[in-house]
Amino acid sequence: MTISPKRLKELENLPENAIDTSDIPELDANFWEKAKLVKPITKKAISLRVDSDVLDWFKSQGKGYQSMMNTVLRSYFEHEVNTTKE
């Protein structure tokens, strides 16, 4: 989801008391007992040679094609890791 610069500016200028937080549950002790620290996975820029038709197809999917390629590789990686554990 993207927010236009105009709408972002409107939200930045919104006073605190105008923000409705009634649908946000309180974070009680039970939440913190079950909470886990999740560190983000860092990404590395690489140079990778792929077949031109494969790259063309991913690019044709639109913005974010590199992230989509990463998702496909991650899916394969997770499958292989889980298969070798069995």
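## Close-up views of a four-helix chain

**View 1. Helix α4 and the largest pocket.** The lining of the largest pocket takes its largest share, eight residues, from α4. Helices here are DSSP runs of H or I with at least four residues, strands are runs of E with at least two, and both are numbered from the N terminus. This is a predicted model, in which local features need pLDDT of at least 70 and side-chain atom pairs count only at pLDDT 80 or more, while totals for chains, interfaces and linings use all residues. Residues are numbered from 1 along each chain as its sequence is written, and side-chain values use heavy atoms, with hydrogens and water left out.

**View 2. Inside the largest pocket.** Here you can look into a space of about 700 Å³. A pocket is an open set of points on a 1 Å grid over the protein atoms alone, where a 1.4 Å probe fits, with protein on both sides within 12 Å along at least five of seven lines; lining residues have an atom within 4 Å of a point. The volume is the space filled by probe spheres set on the points, which are joined across faces, edges and corners. Of the 19 lining residues, Lys-44, Ile-46, Gln-66, Asn-70 and Leu-73 lie nearest the centre. Two elements, α3 (52–60) and α4 (65–85), give two or more residues to this lining. Sorted by class, the lining holds 12 nonpolar, four polar and three charged residues; nonpolar covers Ala, Val, Leu, Ile, Met, Phe, Trp, Tyr, Cys and Pro, charged covers Asp, Glu, Lys and Arg, and polar covers the others, Gly among them.

**View 3. Phe-31 beside Trp-32.** A search of the whole structure turns up two aromatic pairs. In this one, Phe-31 and Trp-32 meet edge-to-face, at 4.8 Å centre to centre and 85 degrees between the planes. Rings of Phe, Tyr and Trp (its six-membered ring) pair if their centres lie within 6.5 Å, and planes over 60 degrees apart count as edge-to-face. Phe-31 is partly exposed, at 37% relative accessibility, and Trp-32 is exposed, at 55%. Buried means under 20% relative accessible area, exposed over 50%, and partly exposed in between (1.4 Å probe, protein chains only).

**View 4. Trp-57 beside Phe-58.** Trp-57 and Phe-58 also form an edge-to-face pair, at 5.1 Å centre to centre with 85 degrees between the planes. Trp-57 is partly exposed, with a relative accessible area of 48%, whereas Phe-58 counts as buried at 10%. Across the protein chain, buried residues make up 2% of the 86 residues.

**View 5. Ser-75 on helix α4.** Let us finish with Ser-75, which lies in helix α4. Ser-75 is partly exposed, with a relative accessible area of 46%. From its C-alpha atom to that of Leu-48 is 18 Å, and the two residues are 27 residues apart along the chain.

How values were computed
Rings of Phe, Tyr and Trp (its six-membered ring) pair if their centres lie within 6.5 Å; planes under 30 degrees apart count as stacked, over 60 as edge-to-face and the rest as tilted.
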